Amino acid sequence: MALIQWDEIFTTGIAQVDADHRHLFDLINQVHEAFATQDLMQVGAVLDQLVDYSCYHFTTEEAWMWSVGYPKVTEHMRQHDGFARRVTEMQRNYAAGKTAALTSEVLTFVRNWWVTHILESDGKFRRFVDAANEGLAAGPLSSGNGGGPHPDVA
Ligand SMILES: [Fe+2]
Ligand SMILES: [Fe+2]
């Protein structure tokens, strides 16, 4: 059984971000499946992919945040860095033969981190982008804030 299921509530409406998140869900499920069958080689291989793809996704998302002037980018990056540090350490332990470092609790942490991060933090970014687009559509005169997003929205 899958550890994490894709659902419409995770959709940000930003195509590349959604595609990345779907792929990450798939990798989490692959690690979980390999873990459940105790296929240690496969766990190690997919764990590597999960860490690599997470870091790739974080870099892409952060670059986009900087490019649109997202005011909470530093705070968002701290969340990404915290997760990256934790899973990289887990990956290092696993590669060093400490396979007991990976437990079902750790996998639950990974799943919960992504669910919370996508719904709350990536969701805030989506609302910022939506507000910016609405401001542009309304035009700088009618929006009352120069066409940019309202600070309360971010
Ligand atoms: Fe993020
Ligand atoms: Fe994300």
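## The first helix, H1

On one side of H1, in this predicted model, the residues Ala15, Gln16 and Ala19 are exposed, and they lie on the other side of the helix from its buried residues. Those buried residues are Val17, His21, Leu24, Phe25, Leu27, Ile28, Val31, His32 and Phe35. When the helix is viewed down its axis, the buried residues of H1 fall within an arc of 165°, so they line one face of the helix. The cover over these buried residues includes H2 and H4.

The length of H1 can also be checked against a simple expectation, since 22 residues at 1.5 Å a residue should span 32 Å, and the end C-alpha atoms of H1 are indeed 32 Å apart.

## The overall fold

The secondary structure of the protein consists of five helices and zero strands, which gives the pattern α-α-α-α-α when it is read along the sequence. Of the 154 residues in the protein, 18% are buried. Among the contacts with a separation of 6 or more, 58% are between residues that are 24 or more positions apart.

## Confidence in the model

Before looking at further details, it is useful to ask how confident the predictor is. The average pLDDT of the protein is 89, and 90% of the residues score at least 70. Residues 142–154 call for more caution, as pLDDT stays under 50 over this stretch, for which the model has 25 contacts beyond four places in sequence.

## The nonpolar core

In soluble globular proteins, nonpolar side chains tend to be buried together. In this model the largest nonpolar core has 13 residues, and those with the most contacts inside it are Leu27, Ile28, Val31, Val43, Val46, Leu47 and Leu50. H1 and H2 each supply at least two residues of this core, and H1 gives the most to it, with six residues.

Val31, one of the core residues with the most contacts, shows how parts of the chain come together around a single position. If residues up to four places away in sequence are not counted, Val31 touches Val43, Val46, Leu47, Leu50 and Leu107. Val31 is also one of the buried residues of H1, while Leu107 falls within the range of H4, which covers residues 104–138.

## The loops after H1 and H2

Gln38 lies in the loop between helix H1 (15–36) and helix H2 (40–67). Just after H1, this residue takes a positive phi of about 55°, although Gln38 is not a glycine. Is Gln38 buried or exposed? Gln38 is exposed, because there are 9 other C-beta atoms within 10 Å, and a residue with 12 or fewer is classed in this way.

The next loop, between H2 and H3, is the place of Gly69. Gly69 has 12 other C-beta atoms within 10 Å and is therefore exposed. Although Gly69 and Val129 are 60 residues apart along the chain, their C-alpha atoms are separated by 9.9 Å, and Val129 is one of the buried residues of H4.

## Helix H3 and the residue after it

Helix H3 has 23 residues and reaches 32 Å from its first C-alpha to its last, a value close to the 33 Å expected at 1.5 Å a residue. Met77 lies in this helix, which runs over residues 73–95, and Met77 counts as partly exposed because it has 16 C-beta neighbours inside 10 Å. In sequence Met77 and Phe58 are 19 residues apart, while in space their C-alpha atoms are 7.9 Å apart. Just after H3, Gly97 takes a positive phi of about 95°.

## Helix H4 and its kink

Helix H4, formed by residues 104–138, has 35 residues and reaches 49 Å from its first C-alpha to its last, which is close to the 51 Å expected at 1.5 Å a residue. Where is the kink in H4 centred? The kink, of about 40°, is centred on His117. The buried residues of H4 are Val110, Ile118, Asp122, Phe125, Phe128, Val129 and Gly135.

Phe109 is also found in helix H4, but with 15 C-beta neighbours inside 10 Å it counts as partly exposed. Phe109 and Phe83 are 26 residues apart in sequence, and the distance between their C-alpha atoms is 10.0 Å.

How values were computed: Residues numbered from 1 in each chain as written. Chains lettered and ligands numbered in written order. Predicted model: local features only at pLDDT ≥ 70, side-chain atom pairs only at ≥ 80, totals over all residues. pLDDT = per-residue confidence, 0-100. Contact = placed C-beta atoms within 7 Å. Helix = DSSP H or I, 4+ residues; strand = E, 2+ residues; numbered from the N terminus. Expected span 1.5 Å × (residues − 1). Bend = angle between axes of the 7 residues up to and from the residue. Buried ≥ 20, exposed ≤ 12 C-beta atoms within 10 Å, placed from the backbone. Core = buried A, V, L, I, M, F, W, Y, C linked by C-beta atoms within 7 Å. Arc of directions from axis to C-beta.
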